[in-house]
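Q: Please take me closely through one set of paired strands, strand by strand, and then place that part within the rest of the chain. I would like to know which strands pair, in what direction they run, and how covered they are.

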Amino acid sequence: MAALTNVPMQISQALHEHRDRTALADSTTTLRYGELADLIGRMQPFLSAETPVAVFGKPSTLFGAAVTACVVLGRAFVHLDPAMPNEVLQNILKELLIETVFCCERAEVAKIPSEYSCIDVSALAVGLNDQPSHPIKAAQVTDRDVIYIVATSGTTGKPKCIPVTHRSAFLSYEWRDAYTPYGPGDRVGAYIFAIWEIFRPLRTGARVQFARFQDLMNPRDLVCFWQKTGVTEMLFTPSALEKTLTALPDHPIENLSLQRIILNGEVVGDALITAVRQRLPGVTLWNLYSICETHDISMTNVTGRERSGGPVSVGVPMPYLRAIVLDDHDEICPIGQAGLLHFEGADMLGPGYINRPNETALRFRALTLEGHVRRLYDTGDQGYIDADGAVHVIGRIAHMLKLRGHSIQTRELTESLENYLSFGQAVPWIKDVKGQGKTLVLYYTCDADQADRNTKNFGIVSGQMRLPPVLSKVLRKALPTYCIPGYLVQLDEIPINAVSGKYDFKRLPEIEPILAIGGNSTDLPTLIEGAKVMGCAVDELDPSLSFHAQGGDSLMAVTLLLSLEQVYGRPVDFDFALNVPLGRLHDLLSAAEQRPEARKEFTRPGILLTGATGFLGGRVLAAAARTLPKGHAIYCVVRERRNAPMDRLRTTAQAQGVNPERLVLISAAIEDAQFGLDDQSYKSLASCVTTVIHCAAMVNLAVDRGHSEKWSQNGITNILQFCTDAAADLRFTSSSAVFPDSGGLFQEAATALFDGCSGYGAAKIEAEAQIVSSGINAAIVRLPSLYDLKIPNEKDIYEIIMTACNRIKAVPEGFTFRMVDVHAAAIFIVGLRPRDGVNYYNFAPDIWVDPNLIPQGYATLSQDVWIKDAGLSDAERALIAADKKVLHAASRFHHKASQTEWEETTRTGFAQTSNPIALINARLTNSSRH
């Protein structure tokens, strides 16, 4: 067999050899290697050009699949993080001449301008097959071709784009295999440095498991992630891991498969090593020294390192790099002498910065050393080399700073800040502030006029102060969070070293933490705790703004989260702690303190309903309100969102004509243990509930997944546990997607995965199996697409198709599909009679919308022509083209149990559950209704 000499070849072979193994997984979506290969094949038509593409989204299964497709097919890509300011993101698109953006999650309005072609990856991922008809062949790439582009710093709002070559990635991965090898049984946790960590495991059949941001920011959630997913390796910045471990109890964490942790991006401190020994005694701790411009550099095991008090060794560089330390005159320093750290290595050094020749020349230096012209990369680190060849890093030099793994160009930052602040000289620097960790500080000088302007514009005073919230708000529109100073320090002069004539950074004043003042009985706890974390006065914080908007970063938010959990006595969502306005955050969290009063409501008999504010759930709510005896309650589990759950529930109740007094809100996600209730409240709820109606997501998740709740393993587990605890029967809304779109008759019985099964269908099949194994009494109701004649469900695939038909006055050839009235489905679900065991209901009569019902005046086009001309979005077009059977969905089902139950409870015919003529009249002959 030919040698595998690049990463695309290695991953391509793994796609074939390990097709039945899991390749990528997150909390909602899993792809086997074979399915990943199928998705890569579907993405191939969009990757035929040679210019770079962009991949938009937080790290996830779909994100991992998209970037892997780019690598295998030889197309350079850049990651667009949704957290990037719009200006920075759009500058990256312009800088790289991007034309195509693969969207792995929905972008906010105006995030990606309309002139870019946006491809919805979730639509391409519908109905994947783990045995693709055509094997994926790796693209032919050269050593100097770009494997991906890192857009870093953004210190001025303009990107610095660093291309990484195929050769450097391949050599780096091969070299690291000697230290941390992977096999098919390994599971690698990924998020913070996802691009760095995705491709190496995929070469050998390992599994990449993506963490949620919440998992990384909440210590308790991170431990649960480790335990639940069984990850064997994960990479962190030292400060993030130290923050997590020191917040946990000082004893070993149990039930972990974790074997090693890779640290990257910062100096590893003794406190972190001690914390790992105490809490993760079976874990090997590796320190990886890497820089985008050189890929990886060196790696060393620091698990057993004793306290040294001196500069940290980052190990001996890989054989493809030579460390060279230069003095201020660009002469090579002898062994043991500190200087400016550079690296030489033609195979590892990148070509420079895209469209930045001056910056490239500054950092990728051509120097004559030892009689030869050498191309060196200036790391921005000070350090020395010992007699064993190991590199010791002392710290950063003036033109580059590192903060929590991010690079900050000091000159560029200073130039950016001049647009807002008035000063003579300015020096950004990183200081360790007691109780607040490493913080970016701006030291500056100014004359009287400049000081007056600063005071007038932003309320800045002389001496030391926290960054004013009003200035923070302005800067966040232009700069990444990590580039915004936490403190301002006005000096009479910047200290200068008398010998070298350069800034003397050691003499920059230390930062005295500014303690929170105020905090009287009328202040909100969210403001008081936020002020403590940020070291400012309480009255400096605006309750209408979020912690993030007022200068709090993600690590500060962890501290805030932990303190709020103590104050309010309940779990706190990280996203809320960081991004919800502090006043609104208090309202959300204080609702937990009112639960003792709400507990009194857990006395009425009734049912538990999930999904009450959804398309189907709202109709079930109405049907239940009409059917339940007087005095019975409907307990509604509604998750927290940015708008209040009670507001959403009341809106739904009003729209459905339901008396809100019949409703009892349980403000929680179904994944929350005991629905977020304490033991007493949970037991009282269980004693009241006799039936649980779980309206799981009914919209086809392949279409606009960002607008629907994704499947949750924890959710169905909690529902089943509650049914057991309450001795309640379950009505579960499954889907006809558990069967193919063609063929049949399909039984009202257990089913299994089939070729071409969508991720949505697979989730329903798995849920059905869990229900069976739980031993509870349950009704599994398989529903097709649902319609409401007056209010269409715009997320449903057939509503989308009918809208497109109406737009061009044409239908695809053989257009056939089945839909059921959502009101009938709700009546059926609520009216089901409890029965022993598990009972299946295919609530789908053999009544279709077919070509005979299409009104006059509509042309019939071939499916390919219709798909091309229908005015669909790229995502919709790709979804339908990937499985054209959706245009002729004529599968047949056994439905005797459904028909019998319907007719006996409603005394009407089963045919009345669907009225295709009325549907067509509402959608095609009277377009104004849609």
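A: In this predicted model, cysteine 292 is a convenient place to enter the region, being partly exposed with a relative accessible area of 23%. Cysteine 333, by contrast, has a relative accessible area of 10%, and because the limit for burial is under 20%, cysteine 333 counts as buried. A disulfide is a covalent bond between the sulfur atoms of two cysteines, and the structure holds zero of them.

The strands you ask about can be followed from strand S16, which spans residues 322–326. Four of the five residues of S16 are buried, so this strand is largely enclosed by the rest of the structure. Its partner is strand S17, residues 339–344, and the two are joined by five bridges in an antiparallel arrangement. Within that pairing, alanine 323 faces phenylalanine 343, the latter belonging to S17.

S17 is also paired with strand S19, again through five bridges and again with the two strands running antiparallel. Here glutamate 344 has leucine 376 of S19 as its bridge partner. S17 therefore has S16 as a partner through five bridges, with the enclosed character of S16 resting on four buried residues out of five, while S17 is bridged to S19 as well.

S19 itself covers residues 372–385, and 10 of its 14 residues are buried, which means that this strand is mostly covered. Besides S17, S19 pairs with strand S18, residues 364–369, through six bridges, and these two strands likewise run antiparallel. One of the facing pairs consists of phenylalanine 364 and tyrosine 377, with the tyrosine located in S19. S18 and S19 make up a hairpin in which two residues lie between the strands. Glutamate 370 sits in that turn and has a positive phi of about 55°.

A further approach to this part comes from strand S20, residues 391–396, which contains isoleucine 394. The C-alpha atom of isoleucine 394 is separated by 5.3 Å from that of glutamine 382, although the two residues are 12 residues apart along the chain. Isoleucine 394 is partly exposed, because its relative accessible area of 45% falls between the limits of 20% and 50%.

To place these strands in context, the chain has 31 helices and 37 strands, and 57% of its 930 residues count as buried. Among the contacts in the chain with a separation of 6 or more, 70% are between residues 24 or more positions apart. The accessible surface of the chain comes to about 37,900 Å², and carbon and sulfur atoms account for 50% of that area.

Elsewhere in the chain, two further residues with positive phi can be set beside glutamate 370 in the hairpin turn. Phenylalanine 675, which is not a glycine, has a phi near 55° and lies in the loop between strand S29 (663–667) and helix H23 (679–688). With a relative accessible area of 1%, phenylalanine 675 is buried. Arginine 907, also not a glycine, has a positive phi of about 60° and belongs to the loop between helix H30 (896–906) and helix H31 (916–923). Arginine 907 is exposed, with a relative accessible area of 70%.

The backbone also holds a cis peptide bond between glycine 744 and leucine 745, where omega is about 15°. Leucine 745 is part of the loop between S31 and helix H25 (759–774).

S31 matters again for the internal space. Rolling a probe the size of a water molecule over the atoms shows where empty space is left. The structure holds four cavities of 30 Å³ or more, and the second largest contains about 80 Å³ of space. Its lining consists of 13 residues, with Ala778, Ala779, Arg833, Pro834 and Arg835 nearest the centre. Strands S31 (729–735), S32 (778–783) and S36 (838–842) each supply at least two residues of that lining, and S31 gives the most, with three residues.

Methods. Residues numbered from 1 in each chain as written. Predicted model: local features only at pLDDT ≥ 70, side-chain atom pairs only at ≥ 80, totals over all residues. Heavy atoms only, no water. Buried < 20%, exposed > 50% of the residue type's maximum accessible area, 1.4 Å probe, protein only. Contact = heavy atoms within 4.5 Å. Areas by Shrake-Rupley, 256 points an atom, 1.4 Å probe, with all protein chains shown as cover. Disulfide = S-S within 2.5 Å. Pairing = 2+ DSSP bridges. 1 Å grid on protein atoms, 1.4 Å probe; cavity = no way out; pocket = protein on both sides within 12 Å on 5 of 7 lines; lining within 4 Å. Points joined across faces, edges and corners; volume = space filled by probe spheres on them.
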